[in-house]
Amino acid sequence: MATFSGISTALSSLQAQRVAMDVAGQNIANVSTPGYSRQRVDMTAGAIGVDVSSIQRLHSGILGDRARTEGARLGDLTVTSTVLNQIEQVLPEPSTSGLQAKLDALWTGFADIARDTSNAAARIQVIAQANVLTDTLNDAAQQLTNISASHTKNLTNLVTSANSYAKQIAELNISISQTPEGTTAINALMDQRSYAASQLAEAVGGTYLIDSSNNMSVSLGGATFVGPANHSTLQVATAGGTTSVQWSRNDSAAAISSGNANGYLTAIATTIPAWTTSLNAVASALATTVNNAQAAGFDSAGTAGTDLFTGTTAATISVALTAGSKIAASSVAPAGGVASLNGSNADAMSALGRTANGADELYQDLVVSLGFAAQGAQQTSETVQAFMASITSQIDSQSAVNIDEEMANLLTYQRGYEAAARVLTAIDDALDTLINRTGLVGR
Amino acid sequence: MTSITRFATGSQSLQNMDSVSSMSKRMAQLQEQISSGKAIQRASEDPSGTRSVMALRAEQTRMSQYAQNIDNGVLRLNATRTQVDSINEQLLKARELVLQGQASNSTAGTRATLAAQIDVIASSLLIAANFDFAGRALFNGATSAATAYNAGGDYIGDTNQVTTRVDDSGSTVRIELNGPEVLGVGGANAFAVLTAIADSLRNTPGNLPANLVSLDSVIATARGAQATIGSRINQLNELHDVTADRILNVTGALAAVEDTDLTKSVMELTMQQTSYEAALYATASIMQPSLMDFLR
């Protein structure tokens, strides 16, 4: 054994403990950094003393993958649930001011006319109620359009940020390939990359692969989004009323099947149009039943009734009559030029609220199925959220920082450092004895 | 839950936050239910309950319509009854005058006086027959003509019925009587008979017995009308009670579905509050100490 090897041994330990303390410090500093994976110093016994073989990043690729998949699903479900809640707010039921209350008010108006067909005030009231009703329907249709437009805007913003995450991943791929392995630097880059990947997954879904040379690639339905050193861009296109997400490179549709983007696309293309169609059916049933009933009767001048409503969609329905006298309350034709005050037709109209497949029934069906849809979406998203939470806690149990543990490690390394220093002092003392105090016999 | 052997400082506080915030969300929901008094705020909270609420509200509106219909019917029939009663009185007075005219001691002079009285009765009868209710002639059927009888005593109304709906099944009750039903039909109506009587009193007293027969038949018609009105008012009064009951039932059912069960909600809120405070306390005491506190 060489004379001074003990000093080298102590030195290697001092260096190793210092690195380990630095890493513990890094871990503690990042206790609340999102996406940070804790690091651990791997020490191996060397020929002389100790070697720091690498600084390991404690991260599970499999769990990361599962978190991305569930994150994408959750992103989709969250948007779906939000959209249904927004639609529900457009049709606030049960309420004393919703569409149902306004339908009831119209039928009540007809009943008031039936009670006394010569009552001009009751007739004017019906025209006013009909206007309130069509305004409510128009407004609901408009709000649905607005919701759709706002989600188109959200989709555009989302695609912009997805592009920037894709760019980030591609750039990180390059940086990672240029950084030596087993260092704090590469670990930090890899954390950044997997954080960007989880954000990208939540936005647009996709498949994430890390190849043998530690490059992450992302593909959407088989088409490459991010390659080892490059990335494509996505764009939102609206053509002929259809909104889609396309590849900028060739304007072909991108396959998006999860993530927020899928939620927005489904809302714009399917969910909102479907509920608009249901609302249109309500408007159409209202117009048809009331207009048919009008046609069966005679107004206060004795002329055959004309349409009260024009338009057959929620957006276009409006009141065609302005004079209350035009309500065809009588089912009896005028006799000898004198109009009848009969109220049977108004009475029949007051009962239109109970027609099978009439506006009321269709509207109640709509509200109930919308309620079930919103409830279902809410529950599914809560379930996935709970699942996501359990994956997150598994990841955390592996990758997140525990201050107690770091403190204990710090303590160990500090003590190690102190001990190594003591070793150095001991060797120094021994050498001092050897060099300075030996061979002095007889001096 | 999967077995987790290692707890991370960050995730520990996240989990605590999760449970604390889900509790405060539930508390907010309960508070909303208590302050609004409504158990269902939006359809997704209870879709089938929402349907019941909507259907019951519509039913409540309809029932109160029927109640108004019935009240209106009773008012109109009462107005009709007043007029029919007065018509009856006038007709009986006319009958008395005819009997006086037939008496052996009557002279041409007394008969002329009687005839003048008959004319007065005829004109007041015309006023009663053309009486209106809320701006609408009572006895002219369903026509929009302003009166039921013209000055000559001819019926100018129609025989269409005025009815009012009293329930969902579409049952109706007739709430009017037309002129002929009270005063007789065509040439045999009260005005024609009274004109004939006045003429007989003045010119041909021999016709008076025949006139009396016609007058009696008019009186029988008017009496029949009185009876009809009475029975319809009774029917409406019974329906009024039935409808009032229905309204009570519907309101009760609506409250059961829609209104917050205050006792239950308040108790639940108190329980939530207790566990919320406990969770907060636990979070506070868990999150404070770490190994750091015990190291020099």
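# Exercises on a predicted two-chain model

Of the 443 residues of chain A, 43% count as buried. The model is a predicted one, and each exercise below is followed by a worked solution.

## Exercise 1: the overall form of chain A

Work out whether chain A is spread out or compact, using its radius of gyration and the globule rule.

*Solution.* Begin with the make-up of the chain: chain A contains nine helices and nine strands. Next, set the two radii side by side: the globule rule gives 22 Å for 443 residues, but the radius of gyration of chain A is 38 Å, well over that value, so the chain is more spread out than a compact globule. The C-alpha trace can then be described along its principal axes, where it spans about 160 × 45 × 25 Å. Finally, turn to the contacts between residues at least 6 apart in sequence, of which 70% join residues at least 24 apart.

## Exercise 2: two domains and where they touch

Find which elements of chain A supply at least two residues each to the side of domain 1 that touches domain 2.

*Solution.* First locate the domains: according to the domain assignment, domain 1 of chain A is made of 5–62 + 391–436, while domain 2 covers 65–377. The centres of these two domains, taken over C-alpha atoms, are separated by 59 Å. At the place where they meet, 15 residues of domain 1 of chain A are in contact with 14 residues of domain 2 of chain A. The elements asked for, on the domain 1 side, are α1 (5–29), β2 (50–57), α2 (61–90) and α8 (359–399) of chain A. In character, the residues on this side divide into seven nonpolar, seven polar and one charged.

## Exercise 3: one residue in a strand

Decide whether S54(A) is buried, partly exposed or exposed, given a count of its C-beta neighbours.

*Solution.* Start from its position, which is in strand β2 of chain A. A residue needs 20 or more other C-beta atoms within 10 Å to be buried, and 12 or fewer to be exposed. S54(A) has 18 such neighbours, and therefore counts as partly exposed. Leaving aside neighbours within four places in sequence, S54(A) is in contact with D42(A) and G182(A). The C-alpha atoms of S54(A) and T184(A) are separated by 9.2 Å, although these residues are 130 residues apart along the chain.

## Exercise 4: the two faces of a helix in chain B

Explain why the buried residues of α3(B) can be said to line one face of the helix.

*Solution.* Check the length first: the 22 residues of α3(B), at 1.5 Å a residue, should span 32 Å, and the end C-alpha atoms are 31 Å apart, which agrees. Then list the buried residues, which are R111(B), L114(B), I118(B), A122(B), L125(B), L126(B), A128(B) and A129(B). Seen down the helix axis, these buried residues fall within an arc of 150 degrees, so they line one face. A general rule helps here: an α-helix has 3.6 residues a turn, so residues three or four places apart point the same way. The buried residues of α3(B) pack against α2, α4 and α5 of chain B, whereas the face turned away from them carries the exposed residues G109(B), A116(B), V120(B), S123(B) and I127(B).

## Exercise 5: an enclosed helix

Determine how far α5(B) is enclosed by the rest of the structure.

*Solution.* Count the buried residues: 10 of the 13 residues of α5(B) are buried, so the helix is largely enclosed. Among these buried residues are F191(B), L194(B) and I197(B). To complete the picture, ask what covers them: the covering elements include α2, α3 (108–129), α4 (179–183) and α6 (208–258) of chain B.

Note on methods: Residues are numbered from 1 along each chain as its sequence is written. Chains are lettered from A and ligands numbered from 1 in the order in which they are written. This is a predicted model: local features need pLDDT of at least 70, side-chain atom pairs count only at pLDDT 80 or more; totals for chains, interfaces and linings use all residues. Domain bounds come from an automatic or database domain assignment. Two residues are in contact if their C-beta atoms, placed from the backbone, lie within 7 Å. Helices (H or I, at least four residues) and strands (E, at least two) are DSSP runs, numbered from the N terminus. Ala, Val, Leu, Ile, Met, Phe, Trp, Tyr, Cys and Pro count as nonpolar, Asp, Glu, Lys and Arg as charged, and the others, Gly among them, as polar. The expected span of a helix is 1.5 Å times one less than its number of residues. The arc is that of the directions from the helix axis to the C-beta atoms. The radius of gyration is taken over C-alpha atoms; the globule rule is 2.2 Å times the number of residues to the power 0.38.
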